[in-house]
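Reader: Before accepting the labels attached to a model, I should like to see each one set against its criterion. Please show the structure and take the labels in turn.

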Amino acid sequence: QVQVVESGGGLVQTGGSLRLSCVASGSIFSTNDMGWYRQAPGKQRELVAVITSGGSTSYADSVKGRFTISRDNAKNTVYLQMSSLKLEDTAVYYCNTLIVRAGVPPFGYWGQGTQVTVSS
């Protein structure tokens, strides 16, 4: 079994900062790409940032320069440091982790999401 759990969401004012964490646990051999997505009310889920097992990163244009993704491979954990938050960053943030397990193909597991609300 594999569990992916996000934490760190909350209510913050515009211009503020939050740090999200996502931990994968269970019978995991290794984790490959780890990414953060978000879904605002009435909108489709969109990719925010992704980091490979080697540490290469990519970001959505809307968050470049404000968000930083990082990971701790030993802890199967990915982080999203969010700064200079804007009203439009309000969404449920989801973690997706490509997990390698013994004897099965890699599979992307989703967490349950954590709410980020930015207020004026």
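Author: We may begin with Arg38, which has a relative accessibility of 6% and therefore counts as buried, a label that requires under 20% relative accessible area, whereas exposed means over 50% and partly exposed lies in between (1.4 Å probe, protein chains only). This is a predicted model, in which local features need pLDDT of at least 70 and side-chain atom pairs count only at pLDDT 80 or more, while totals for chains, interfaces and linings use all residues. Residues are numbered from 1 along each chain as its sequence is written, and side-chain values use heavy atoms, with hydrogens and water left out.

Reader: What makes Glu46 partly exposed?

Author: The relative accessible area of Glu46 is 35%, so the residue is classed as partly exposed.

Reader: Why is the contact between Arg38 and Glu46 called a salt bridge?

Author: The term asks for a side-chain nitrogen of Lys or Arg within 4 Å of a carboxyl oxygen of Asp or Glu. Between the side chains of Arg38 and Glu46 the N to O distance is 2.7 Å, so the criterion is met. By this rule the count comes to four salt bridges.

Reader: What allows such side chains to pair?

Author: Side chains of opposite charge can pair when their charged atoms come close.

Reader: How do you know that Asp89 forms a salt bridge with Arg38?

Author: The closest N and O atoms of Asp89 and Arg38 are 2.9 Å apart. This pair links distant parts of the chain, 51 residues apart: Asp89 is in the loop between strand S8 (77-82) and strand S9 (91-101), and Arg38 is in strand S4 (residues 30-39). Strands here are DSSP runs (E, at least two residues), numbered from the N terminus. Asp89 has a relative accessible area of 0% and is therefore buried. Arg38, Glu46, Arg66 and Asp89 are linked in a network of salt bridges.

Reader: What makes Asp61 exposed, and which residue does Asp61 meet in a salt bridge?

Author: With a relative accessible area of 65%, Asp61 is exposed. The side chain of Asp61 meets that of Lys64 at 3.1 Å, N to O.

Reader: Why are S1 and S3 called paired strands?

Author: Two strands pair if DSSP finds at least two bridges between them. S1 and strand S3 (residues 18-26) have six bridges, in the antiparallel sense, so they pair.

Technical notes
Helices (H or I, at least four residues) and strands (E, at least two) are DSSP runs, numbered from the N terminus.
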